[in-house]
Amino acid sequence: MAGARSGGPAAIPQDKKAVRSDRPFWGALAAILVASELNKNGTPVDLMILYDTTETVKIPPNVRHVVNFNSKTTIGLGLTVTGLNGFHGRIDNIDVPEFGHLDMDNAAPLHKRSIAEVLKVIRPGARTAAR
């Protein structure tokens, strides 16, 4: 996870879904860097949720679905994300003009949508009404 520390770099076995980082990163860039590392050994990423990236980012091909909330107010640049060559997943770029970049982390509607998306991944086929 972002901000997790380990004693040193370690290969991730293909049958495990673990993430280790040697130094902390923050925000959307952390998600992209972790997914890129996982891509090196073919580990899929079922879902990536980004809150208002402040840089143009390209999604690696091992990511299956991206939800990118973006704002064009204050700090938010309204940037969309795209896939790298070989990306065949789905990217949902969702404009949320009612929230600024600094408000998004605490926005209940975005939390509700994020939780619903996670539940779709961990409980496929189940009814996923986030509360």
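Two strands pair if DSSP finds at least two bridges between them. The legends below describe a predicted model.

**Figure 1. Strands β1 and β3 pair in parallel.** In this model, 4 bridges join β1 to β3. The two strands run parallel. One residue shows the pairing well. Ile49 has Val67 of β3 as its bridge partner. Now follow the side chains along β1. Met48 and Leu50 point to one face and are buried. Ile49 and Tyr51 point to the other face and are not buried. A general rule helps here. In a regular strand, side chains alternate between the two faces of the sheet.

**Figure 2. The whole protein has 2 helices and 5 strands.** Along the sequence, the order is α-β-β-β-β-β-α. The protein has 131 residues, and buried residues make up 36% of them. Some contacts reach far along the chain. Take the contacts between residues at least 6 apart in sequence: 48% of them join residues at least 24 apart. The exposed surface is about 8200 Å². Carbon and sulfur atoms supply 55% of that surface.

**Figure 3. The largest nonpolar core has 13 residues.** Which residues have the most contacts inside this core? They are Ile32, Met48, Leu50, Ile59, Val63, Val66 and Val81. Helix α1 (27-40) and strand β1 each supply at least two residues of the core. The largest share, 4 residues, comes from α1. Apart from this core lies another, of 9 residues. Among its members are Phe69, Ile94, Val96 and Ala107. Such grouping fits a general trend. In soluble globular proteins, nonpolar side chains tend to be buried together.

**Figure 4. Leu50 touches residues from several places in the sequence.** Set aside residues up to four places away in sequence. Leu50 then touches Ala28, Ala31 and Ile32, among others. Its contacts also include Val57, Ile59, Val66 and Val67. Asn68, Phe69 and Val81 complete the list. Recall that Leu50 is buried, as is Met48 in the same strand, β1.

**Figure 5. Phe87 sits in the loop between β4 (82-83) and β5 (90-95).** Is Phe87 buried or exposed? Phe87 has a relative accessible area of 14%, so this residue is buried. The cut-off for buried is under 20%. Leave aside the neighbours of Phe87 within four places in sequence. Phe87 is then in contact with Ile59, Pro60, Pro61 and Val63. Asn62 makes a useful marker for distance. Phe87 and Asn62 are 25 residues apart in sequence. In space, their C-alpha atoms are 7.2 Å apart.

**Figure 6. Helix α2 covers residues 108-122 and packs against strands.** The helix has 15 residues. At 1.5 Å a residue, α2 should span 21 Å. The end C-alpha atoms are 21 Å apart, which agrees. Which residues of α2 are buried? They are Leu110, Ser114, Ala116, Glu117 and Leu119. These buried residues pack against β1 (48-51) and β3 (65-70).

**Figure 7. Salt bridges link side chains within helix α2.** Arg113, Glu117 and Lys120 form a network of salt bridges. Look at Lys120 and Glu117. Their closest N and O atoms are 3.4 Å apart. Both residues lie in α2, 3 residues apart, about one turn of the helix. The spacing has a general background. An α-helix has 3.6 residues a turn, so residues three or four places apart point the same way. The two partners differ in cover. Glu117 is buried, at 3% relative accessibility. Lys120 is partly exposed, at 45%.

**Figure 8. Asp46 and Arg64 form a salt bridge between two loops.** The structure holds 5 salt bridges. In this one, the closest N and O atoms are 2.4 Å apart. Asp46 lies in the loop between α1 and β1. Arg64 lies in the loop between β2 (58-59) and β3. The pair therefore ties together parts that are 18 residues apart in sequence. Asp46 is partly exposed, with a relative accessible area of 25%. Arg64 is partly exposed too, at 46%.

**Figure 9. Asp92 and Arg90 form a salt bridge.** Their closest N and O atoms are 2.9 Å apart. Asp92 is buried, with a relative accessible area of 18%. Arg90 is partly exposed, with a relative accessible area of 45%.

Note on methods:
Residues are numbered from 1 along each chain as its sequence is written. This is a predicted model: local features need pLDDT of at least 70, side-chain atom pairs count only at pLDDT 80 or more; totals for chains, interfaces and linings use all residues. Side-chain values use heavy atoms; hydrogens and water are left out. Buried means under 20% relative accessible area, exposed over 50%, partly exposed in between (1.4 Å probe, protein chains only). Contact means heavy atoms within 4.5 Å. Accessible areas come from the Shrake-Rupley method with a 1.4 Å probe; for residues, only the protein chains shown count as cover. The expected span of a helix is 1.5 Å times one less than its number of residues. A nonpolar core is a set of buried Ala, Val, Leu, Ile, Met, Phe, Trp, Tyr and Cys residues joined through side-chain atoms within 4.5 Å. A salt bridge is a side-chain nitrogen of Lys or Arg within 4 Å of a carboxyl oxygen of Asp or Glu.
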